[in-house]
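Work through the exercises below with the sequence and the model at hand. Each task is followed by a solution in steps.

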Amino acid sequence: MLIGMDVGGTNLRLGVLDAGAVIEEIRVAANFSEICKTHPAQEAWHKILEICADSIKTALEKYPHVSAIGIGFPGFIDPITQKIEQSPNFPGLFNIDLSNDLSALVGLPVIVENDALVAAYGEFYRLNSEKEGAIYSDLIYVSLGTGVGGGLVLNGRPYSGQHGMSMEIGHMITVPNGRLCGCGNQGCMEQYASASGVAISYQEATSKKNTADAIATLARAGDIAAINAYETAGLNLANAVSHMVKVLDVRLIVIGGGMSQAWGLLAPAFQRALDDALIPVLRGKIEIRVSTSGDQAGIIGAALLSVASR
Ligand SMILES: [Zn+2]
């Protein structure tokens with residue numbers, strides 16, 4: 001048995017896995033971002049560790065046969081030291097050692113990986129176990145949420161890069177001199193293809209503030225500005241994906257994250273722009289799948305990586 005955890009700025013989710021399937025899930029409204037903002041760094045870190053350790057101990061009381069813990073974390077993680085260099089969701093914390101600190105508290109090995117990468121691995125595992133015989137060896141995972149994240153599985157292994165920063169696809173520049181991004185550059189894809197990007201596109205056209213969800217409802221009702229906002233998202237995502245496919249020649253792209261529920265609104269523009277941008281011989285050979293694992297891919301991938309990495 002394994003534990004997979006998804007640690008976010010607002011919620012902590014923990015799943016107990018038995019033979020690759022989640023048999024129990026625990027959710028804690030942990031508000032880690034808020035703890036970071038209202039406490040000195042050291043104090044915040046102790047509180048966060050305590051909350052993580054408590055939820056693990058609760059699970060271990062019921063499932064004492066758990067042998068390892070994997071965690072998906074939204075941040076830059078050094079692939080050698082396992083230290084989290086920094087995370088936009090955990091302001092003020094730098095070079096934190098979640099792996100060792102938590103392992104010391106719960107008495108089990110703990111591995112930490114980027115949240116989009118563990119979700120990529122979870123999707124990879126799930127899609128391959130669904131089919132008869134292993135079909136996919138590689139996969140690109142795109143998470144459409146507040147921002148745009150990415151994860152890559154190559155030859156069956158998650159690829160994190162030399163600095164743990166591979167697949168920062170949200171920051172591929174798709175609009176030269178475009179919108180200012182939180183990373184400091186201009187025209188990053190996530191400024192157009194994320195939920196916040198859709199909201200900005202809609203606001204630029206109408207001067208009205210709305211959430212991506214509300215804009216999706218408007219688009220389905222025929223609102224032109226809302227339809228255009230999603231089309232812009234699809235075009236920019238296709239631009240970035242076409243470059244990834246040219247570099248990596250991966251044939252399976254899985255779309256996840258909260259905004260994947262509105263994929264039908266992005267898909268026509270995305271498919272058209274992708275076909276236009278691909279090398280002609282690759283047209284029609286790229287398989288796009290919307291994730292059907294709900295939000296469990298991260299938990300499953302993290303848990304499985306806890307043993308795959310050892
Ligand atoms: Zn950026």
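Donors are N, O and S atoms within 2.8 Å of the metal (3.2 Å for Na, K and Ca); water is not among the atoms, so sites may look incomplete. The model is predicted: local features need pLDDT of at least 70, side-chain atom pairs count only at pLDDT 80 or more, and totals for chains, interfaces and linings use all residues. Residues are numbered from 1 along each chain as its sequence is written, and side-chain values use heavy atoms, with hydrogens and water left out.

**Exercise 1. The zinc site**

Find the protein donors of the zinc ion and state which arrangement they form.

Solution.
- Step 1: His171 contributes ND1, while Cys181, Cys183 and Cys188 each contribute SG; these donors lie 2.0 to 2.3 Å from the zinc ion.
- Step 2: Written along the sequence, the spacing of the donor residues is H-x9-C-x1-C-x4-C.
- Step 3: Four donors count as tetrahedral if all angles lie between 85 and 135 degrees; four count as square planar and six as octahedral if opposite donors are over 155 degrees apart and all others between 65 and 115, and anything else is irregular.
- Step 4: The angles at the zinc ion run from 103 to 121°, so the arrangement is tetrahedral.
- Step 5: For accessibility, buried means under 20% relative accessible area, exposed over 50%, and partly exposed in between (1.4 Å probe, protein chains only). Cys181, at 5%, is therefore buried, and Cys188, at 0%, is buried too.

**Exercise 2. The chain as a whole**

How many helices and strands does the protein chain have, and how does its radius of gyration compare with the globule rule?

Solution.
- Step 1: Helices (H or I, at least four residues) and strands (E, at least two) are DSSP runs, numbered from the N terminus. The protein chain has 10 helices and 12 strands.
- Step 2: Its radius of gyration is 20 Å, close to the 19 Å that the globule rule gives for 310 residues, so the chain is as compact as a globular protein of that length. The radius is taken over C-alpha atoms, and the rule is 2.2 Å times the number of residues to the power 0.38.
- Step 3: The C-alpha trace spans about 55 × 50 × 35 Å along its principal axes.
- Step 4: Of the 310 residues, 50% are buried.
- Step 5: Contact means heavy atoms within 4.5 Å. Among contacts between residues at least 6 apart in sequence, 62% join residues at least 24 apart.

**Exercise 3. Helix H6 and two positive phi values**

Which residues of H6 are buried, and which helices do they pack against?

Solution.
- Step 1: The expected span of a helix is 1.5 Å times one less than its number of residues. For the 12 residues of H6 this gives 16 Å, and the end C-alpha atoms are 17 Å apart, which agrees.
- Step 2: The buried residues of H6 are Gly197, Val198, Ala199, Ser201 and Tyr202. They pack against H5, H7 and H8.
- Step 3: Most residues other than glycine have a negative phi. Ser207, which follows H6, has a positive phi near 65°; at 65% relative accessibility Ser207 counts as exposed.
- Step 4: Asn177 also has a positive phi, about 60°, although it is not a glycine. Asn177 sits in the loop between strand S10 (157-158) and helix H5 (190-193) and is exposed, at 66% relative accessibility.

**Exercise 4. Helix H8 and its surroundings**

Describe helix H8 from its start to the residue just after it, and list what Ser242 contacts.

Solution.
- Step 1: H8 (residues 224-248) has 25 residues and reaches 36 Å from its first C-alpha to its last, close to the expected 36 Å.
- Step 2: A polar contact is a pair of N or O atoms within 3.5 Å; within protein, one must be able to donate a hydrogen and the other to accept it, and residues adjacent in sequence count only if both atoms are side-chain atoms. At the start of H8, a side-chain oxygen of Asp223 comes within 3.0 Å of the backbone nitrogen of Ala225.
- Step 3: Ser242, in H8, is buried at 2% relative accessibility. Its side chain reaches the backbone oxygen of Asn239 at 2.8 Å.
- Step 4: Leaving aside neighbours within four places in sequence, Ser242 is in contact with Leu274, Ala277 and Leu278.
- Step 5: Just after H8, Asp249 has a positive phi of about 55°.
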